[in-house]
Amino acid sequence: MLDSTDVFVIGGGPAGLAAAIAARQQGFRVTVADGARPPIDKACGEALMPDAVAGLESLGIVVPATDAFLLGGVRFLASGLSAEAAFPSGSCGLSVRRIVLHRIMIERAAALGVDLLWQTAVTGISRDEVQLGGRSIRSRWIVGGDGTNSRVRRWANLNLHSRRGLRYAFRRHYRIRPWTDRMEVYWGAVASHDPGLRLEESLLAFPELNARLRGVETTSVVRGSVSSNHRLKQVWRENVALIGDASGTVDAITGEGLGLSFRQAVVLAECLRSGSLAGYSAAHRRLALRPLLMARLMLTLDGHPRIQQRTLQVFRKRPEIFRRLLALHIGNLSPLHLALDGLTLGWGLLTA
Ligand SMILES: Cc1cc2nc3c(=O)[nH]c(=O)nc-3n(C[C@H](O)[C@H](O)[C@H](O)COP(=O)(O)OP(=O)(O)OC[C@H]3O[C@@H](n4cnc5c(N)ncnc54)[C@H](O)[C@@H]3O)c2cc1C
């Protein structure tokens, strides 16, 4: 094992691997260490929005068609009503198993020559050095991609700024032929504020979905996780930068966590190439703005069945509003459009 590197990435999840790939693409020597062994699974909706697919492409990754299911748009369902919109023409999202995406990202990192250390937990950092139990490796830059409960964040004194609306979420896989190419979002309690809720119980709140899944073979265990919006004041200090969930999260309902980390990886690698992290916090904030706005918008509907119903009525009556919000969500329109469509939606809600 090398005793020095240019960029040491702590955490080999999607964000850490994206950071490693982007830094390697800039010509750095890169090492990644993760305490777990791949492929690493995690509770996740496993949806990549079109901007996330583009983000992967900028890392040189194209998910083979045999490993993914194409998503053509989004459908919201609530109280017997539904409304849907297609992604802007020429773009599509992907549904890809987390462990498959992890394998593909590892293959790309390995092909580029990233040094990958699995089952290797990082136990501490000091200036220009990363500790792995009894050993240490010198590194010019240290990247914390170690997830929501990041220790790197603590070690670098980059504490949480705000953590709002903690929600509990579950995932499970069912062996069933897809009945739509839309990513379906059922408004209700599957991502819930109640820590005591379980998947089977929460499905009862969605009779249509429950009927589809009743008696269907399951192919994975239930995995739970918490989801929230949280931000940091600073995402770097000295030679340490954070990425992915370690650097703040957007609520799972946006389906944006992965795509966001791919875009962060690219700007972080550009900062490293320039020799300074000074621009990273501002760029990071800019990238998070749109997903955070969309998360706020969607969470405003959470727990308000009447507003959900009215929103779906407006979307059905004025499908162009939903289409434009979706385009905005995936970065195809500017925030100015959000303001305009927000006003139209608000007016629609008042007059529906
Ligand atoms: C319920 C739910 C559904 C979601 N659905 C979607 C979705 O559909 N689409 C989407 O884009 N996003 C979704 N997200 C968000 C997405 O899953 C996360 O943003 C993404 O997993 C973040 O990846 P990460 O690499 O930052 O963190 P992680 O995936 O948590 O990776 C962190 C890694 O760091 C390692 N690690 C931790 N500490 C150390 C240490 N000391 N030393 C070495 N290694 C260490 C861990 O072993 C782990 O492998 C969802 C999130 C939730 C909670």
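Reader: Which elements each supply at least two residues of the shell around the ligand?

Author: This is a predicted model: local features need pLDDT of at least 70, side-chain atom pairs count only at pLDDT 80 or more, and totals for chains, interfaces and linings use all residues. Residues are numbered from 1 along each chain as its sequence is written, and side-chain values use heavy atoms, leaving out hydrogens and water. Helices (H or I, at least four residues) and strands (E, at least two) are DSSP runs, numbered from the N terminus. The elements that each give at least two shell residues are helix 1 (14–25), strand 14 (223–232) and helix 7 (257–274).

Reader: Which residues come nearest to the ligand?

Author: A residue is near a molecule if one of its heavy atoms lies within 4 Å of it. There are 33 residues around the ligand. The nearest are D34, G45, A47, R98 and D245.

Reader: How many residues of the shell are charged?

Author: Ala, Val, Leu, Ile, Met, Phe, Trp, Tyr, Cys and Pro count as nonpolar, Asp, Glu, Lys and Arg as charged, and the others, Gly among them, as polar. The shell has 15 nonpolar and eleven polar residues. Its charged residues number seven.

Reader: How far is a nitrogen atom of the ligand from a polar backbone atom of A47?

Author: A polar contact is a pair of N or O atoms within 3.5 Å; within protein, one must be able to donate a hydrogen and the other to accept it, and residues adjacent in sequence count only if both atoms are side-chain atoms. A ligand nitrogen lies 3.2 Å from a polar backbone atom of G35, and a ligand oxygen lies 3.3 Å from one of G255. For A47, the distance from a ligand nitrogen to a polar backbone atom is 2.8 Å.

Reader: What share of the ligand's area does the protein bury?

Author: Accessible areas come from the Shrake-Rupley method with a 1.4 Å probe; for residues, only the protein chains shown count as cover. Taken alone, the ligand exposes 1000 Å². The protein buries 87%.

Reader: With which side chain does the side chain of R263 make a polar contact?

Author: R263 lies in helix 7. It is buried (under 20% relative accessible area, with exposed over 50% and partly exposed in between) at 16%. Among the residues R263 touches (heavy atoms within 4.5 Å) are D51, L287 and R290. The polar contact, at 3.2 Å, is with E256.

Reader: Which strands stand at the edges of the open sheet of three strands?

Author: The sheet has the order 3-7-4, with antiparallel pairing. Two strands pair if DSSP finds at least two bridges between them. An edge strand has a single partner, so one side of it lacks a neighbour in the sheet. Those strands are strand 3 (47–48) and strand 4 (69–71).

Reader: Which residue in strand 7 is the bridge partner of L71?

Author: Strand 4 and strand 7 (residues 93–95) run antiparallel. Three bridges join them. The partner of L71 is G93.

Reader: Which side chains of strand 10 point to the buried face?

Author: In a regular strand the side chains alternate between the two faces of the sheet. Strand 10 (residues 129–132) follows this alternation. E129 and Q131 point to one face and are not buried. Pointing to the other face, and buried, are V130 and L132.

Reader: Which residue takes a positive phi in the hairpin of strand 10 and strand 11?

Author: Strand 10 pairs with strand 11 (residues 135–144) over four bridges, in the antiparallel sense. Two residues lie between the strands of this hairpin. The residue with a positive phi, near 60°, is G133.

Technical notes: Buried means under 20% relative accessible area, exposed over 50%, partly exposed in between (1.4 Å probe, protein chains only). Lists of a residue's contacts leave out its neighbours within four places in sequence.
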